[in-house]
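Here's a quick briefing on a two-part topic: a sheet, then a contact between chains. Have a look at the model first.

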Amino acid sequence: MNTAFTRATLAFSAAALALTGLAAPAFAQRDPAYEAARSSGKVGEKPDGYLGVVGGGDASVRKLVDDLNIKRRALYAQKAQAANATLEEYALTAGCLAISRTAPGEKYMTPQGAWETRTSAAPIRDSRCP
Amino acid sequence: MNARDLTNRARLSHKVGMKRVGTILMATLGCGLAGGCISVSAPDKPIVIELNINIKQEVVYRLAPGAQNTIEENSDIF
C-alpha cells in the first residue's frame with residue numbers, strides 16, 4: 001500500500017517535472033531591458049542573424065547586445081552542425097526570419113547596411129531570404 | 001620486374017611521348033601556314049563564377065523551417 005503510494009507520487013512528480021521542463025522554453029520571454037531596447041529602437045536586427053546597436057548606444061545596451069549575440073552564436077553553431085550547414089548559412093537564415101518577425105517601430109538593417117524602422121509593410125531583406 | 005624492364009618501359013613511354021609532341025608540333029605549324037587559327041587570349045579581369053549566391057539560396061530555403069523552430073523555442077534571445 002505504502003509502496004504503491006510512493007510509486008504513484010514519484011510517477012506524478014516525474015510527470016510534473018517533464019511537463020514543466022517541456023513547457024519552460026515555449027514561455028521564455030525577452031528580458032524587459034531587451035524588450036525596451038528593441039521597442040525604443042536602440043537595438044535592431046541585422047541580416048547576418050545578430051543584433052546590432054543602432055547609433056552609438058550606451059555601455060549597457062552594448063553589453064546587452066553582446067550577451068545576446070554570444071548566446072545566438074552558440075545556438076546557431078549547434079543547430080548548423082545538426083543541419084549540415086555552416087554557422088554563417090544558419091545565421092543568415094535566422095537573420096531573414098528574425099527581420100520578418102520584427103514588430104512595427106522596431107529597427108532592422110537592410111542588406112545595404114542602413115538601419116530602417118519596421119512598418120506594417122514587408123521589410124527589405126536579402127534576396128536569398130525565403 | 002627488374003631494373004631493365006623498368007628502363008625499357010620508360011624508353012617505350014618516352015617514344016610515345018615524342019610521337020605526340022611531333023603531332024602537336026605539326027598541327028601548330030600547319031595552323032600557322034594555313035592562317036586559319038582563332039587566337040584565344042586570357043581576359044585581363046579574373047573570371048568570377050557567382051555560384052555562391054545560388055548555393056546559399058538553396059541552403060537558406062532548406063534551413064528555414066528548422067531555423068523558424070529554433071527562434072520560437074529560444075524567443076528570449078530573439
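Start at one spot in the sheet: E45(A) has L51(A), a residue of β2(A), as its bridge partner. Keep in mind that this is a predicted model. From that pair we can work outwards through the sheet and then over to chain B.

**The sheet in chain A**
- Strand β1 of chain A, residues 43–45, runs antiparallel to β2(A), and three bridges hold the pairing.
- Zooming out, chain A has an open sheet of four strands, ordered β2-β1-β3-β4, and the pairing is mixed.
- Why do β2 and β4 of chain A each have one side left without a neighbour in the sheet? β2 (51–53) and β4 (115–117) sit at the edges with a single partner strand each, so there's nothing next to them in the sheet on the other side.
- From one strand to the next, the twist averages 40 degrees.
- α3(A) packs on this sheet and touches β1 and β2 of chain A. The direction of α3(A) makes about 165 degrees with that of β2(A).

**Where the chains meet**
- The contact draws 22 residues from chain A and 19 residues from chain B.
- On the chain A side, α3 (59–82) and α4 (87–100) each chip in at least two residues.
- α4(A) gives the largest share of that side, with eight residues.
- Sorted by class, the chain A side comes out at 14 nonpolar, two polar and six charged residues.

**Chain B itself**
- Chain B has two helices and zero strands.
- Of the 78 residues in chain B, 9% are buried.

How values were computed. Residues numbered from 1 in each chain as written. Chains lettered and ligands numbered in written order. Predicted model: local features only at pLDDT ≥ 70, side-chain atom pairs only at ≥ 80, totals over all residues. Contact = placed C-beta atoms within 7 Å. Nonpolar A, V, L, I, M, F, W, Y, C, P; charged D, E, K, R; others polar. Buried ≥ 20, exposed ≤ 12 C-beta atoms within 10 Å, placed from the backbone. Pairing = 2+ DSSP bridges. Axes fitted to C-alpha atoms, helices over the stretch in contact; angles between N-to-C directions.
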